[in-house]
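Welcome, and please have your viewer ready. We will go from stop to stop, selecting one thing at a time and looking at what surrounds it.

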Amino acid sequence: MTDDGTAEDGMTENGMTGGASAGSGVTEPTERARTILRENDRGGYTVPTARLYPFQWNWDSAFVAMGWATFDAPRAWQEIERLLRGQWEDGLIPQIVFHAPSDDYFPGPDVWGVQHDPSTSGIPQPPVLATAVRRVLDASGDEARMAAIYPHLLHNHRWWENARDPGRRGLVATLHPWETGMDNSPAWDTPLARVPTATRTAIRRRDTSHVDAAMRPRAEDYQRFIHLVDLFRDCAWDPVRMLAASPFRVADVGTNAILLRAERDLFDLAGRFGTPAEQAEIAVRIERLGAALDRLWSADLGLFISQDLRAHTPIAVGTSAGFLPLYAGRAGARAPQMAVTLQRWAGRVSRLVPSTDPDDPRFERLRYWCGPVWAVVNWMIADGFQRAGETAPAERIRSDTRALISNAGFSEYFDPADGNGLGGANFSWTAAVWLMLA
Ligand code: DGY
């Protein structure tokens, strides 16, 4: 690999040439990454990939906006503005905005049964948005657009507090594995086993007609996922009823760390676009969430772990989400120990960062969040190690990410053992990460 991440021999397995294209000063993978975003553009919002994910996804779009911002800032703002059209009156920014109909995905708007225009799903996703918006602002300096977006972000962060931490204990609750973005992580096995497999909605999966079933969640996972959707629909998507009713209730270390980072970014934005009272309000949440996150440390595993809020027990499964308190700027003195943990993982796989601890018996190198490497998670963990002053692991993760993409293309995720691309191809957020690292 060369410094810009291109393959030394200039031609990679997927036929991507590594050199600069004539006269443009832009490398071919960078050109390809921009093309992927343009090809996945559906007129102001970017689908994660054609067919498998034909709508606008929340955290995908946050990363994608940061990717657009590297070469087309107005388009980056548009991505965010389109996502915010899905925001509910109570502040929720849903996981999916169904801007235009498609038969390629299950569950569609009819299953969610949400009354909103445009139609949306009814659950959140990891709140990367304030962090993304701040980065788009830095790239573009467009204060007028920023000023219009700021109140939506504040409203959304208040939603997290009111809907998911009404007791003000510090950590927000997650009620569905889809909310974590890490749907079938082995961390959810025990709490998810509490969810019945019976569904009233007929399950008509489309994902396994686009992607090899061995790379996707199992049938039983889907039964439980849809059971929860049925249950929440019965709760009329009321946050109080959902929190009380859900048999799956966890404090996801990933969501909470991403929220803490977003709160810090929102705090800075509030200094320019909000009021001192709003800054003070955000500061209270930052302090409370940070202190609660500290308690998720696992000395045994050498990283942070999630908590089962129904059983009141820690979830002793090491996952890549356990490194994200670094990204939140809250790992403190634990950062060197986390670097040691990463080193242990590196001894078991050839490419970092696998989504599940490779020493865990539930590790599976091909199956979605049970083991594969995801570029966006790598980007966050590398950023976290960097800000903790651990530059060697940060650089290793960044160079592994570039190598994976330049060798296997812009896949949805990657095999940590042989670096092969897995899941969907021409993936928007993988392209965005390439652009952010370039
Ligand atoms: C899916 O359908 O696979 C998604 O991960 C849900 O967000």
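Select helix α10, residues 219-234. In this predicted model, the 16 residues of α10 should span 22 Å at 1.5 Å a residue, and its end C-alpha atoms are 23 Å apart, which agrees. Now colour the buried residues of α10: D221, Y222, R224, F225, I226, H227, L228, V229, D230 and F232. Which helices do these buried residues pack against? Show α4 (109-112), α7 (177-180), α8 (189-193), α9 (207-210) and α11 (239-245), and you have the partners on screen. Before leaving, step past the end of the helix to A236, which follows α10 and has a positive phi, near 55°.

**Next stop: helix α15**

Select residues 375-387, which make up helix α15. The length check works here too: 13 residues at 1.5 Å each should span 18 Å, and the end C-alpha atoms of α15 are 18 Å apart, which agrees. Is α15 mostly covered or mostly open? It is mostly covered, with eleven of its 13 residues buried. To see them, highlight A375, V376, V377, N378, W379, M380, I381, A382, D383, G384 and F385. Around these buried residues, bring up the helices they pack against: α2, α5, α12 (253-273), α14 (335-346), α16 (391-408) and α17 (428-437). Following α15 comes G389, whose phi is positive, near 85°.

**A crossing: α2 and α15**

Keep α15 visible and add helix α2, residues 58-68. A general idea will help at this stop and at later ones: two packed helices are described by the angle between their axes and the distance between the axes. For this pair, the axes come within 11 Å and cross at roughly 65°. Angles of 65 to 115 degrees count as roughly perpendicular, so α2 is roughly perpendicular to α15. The crossing of α2 past α15 is left-handed. Show side chains for W59, F63 and M66 on α2, and for V376, W379 and M380 on α15, since these residues make the contact. By class, the contact of α2 with α15 has six nonpolar residues, no polar ones and no charged ones.

**A glycine inside α2**

Stay on α2 and pick G67, which is found in this helix. G67 counts as buried because its relative accessibility is 0%. Leaving aside residues up to four places away in sequence, G67 touches L37, A432, L435 and M436. For a sense of scale, draw a line from the C-alpha atom of G67 to that of L92: the two residues are 25 apart along the chain, and the line is 24 Å long.

**A pair far apart in sequence**

Now go to R32 in helix α1, residues 28-39. R32 counts as partly exposed, with a relative accessibility of 25%. Draw another C-alpha line, this time from R32 to A431: these residues are 399 apart in sequence but 8.1 Å apart in space.

**Two partners of α5**

Select helix α3 (residues 73-84) together with helix α5 (residues 129-140). Their axes come within 10 Å and cross at roughly 155°, and α3 and α5 are therefore roughly antiparallel to each other. This crossing is left-handed. On α3, show A73, A76, W77, I80, L83 and L84; on α5, show L129, V133, V136, L137 and S140; together they make the contact. The contact of α3 with α5 divides into ten nonpolar residues, one polar and none charged.

Hide α3, keep α5, and bring in helix α6, residues 143-164. The axes of α5 and α6 come within 10 Å and cross at roughly 170°, which makes α5 roughly antiparallel to α6. Here the contact is made by L129, A130, V133 and L137 of α5 and by E143, M146, I149, L153 and H157 of α6. Its residues comprise seven nonpolar, one polar and one charged.

**Last stop: E263**

From H157, which is in α6's contact with α5, move on to E263 in helix α12. Is E263 buried or exposed? E263 is buried, with a relative accessible area of 2%. Not counting residues up to four places away in sequence, E263 touches H157, I282, R285 and I286.

Definitions and conventions:
Residues numbered from 1 in each chain as written. Predicted model: local features only at pLDDT ≥ 70, side-chain atom pairs only at ≥ 80, totals over all residues. Heavy atoms only, no water. Axes fitted to C-alpha atoms, helices over the stretch in contact; angles between N-to-C directions. Helix = DSSP H or I, 4+ residues; strand = E, 2+ residues; numbered from the N terminus. Parallel < 35°, antiparallel > 145°, perpendicular 65-115°, else oblique. Left-handed = near helix turned anticlockwise from the far one by under 90°. Contact = heavy atoms within 4.5 Å. Nonpolar A, V, L, I, M, F, W, Y, C, P; charged D, E, K, R; others polar. Expected span 1.5 Å × (residues − 1). Buried < 20%, exposed > 50% of the residue type's maximum accessible area, 1.4 Å probe, protein only.
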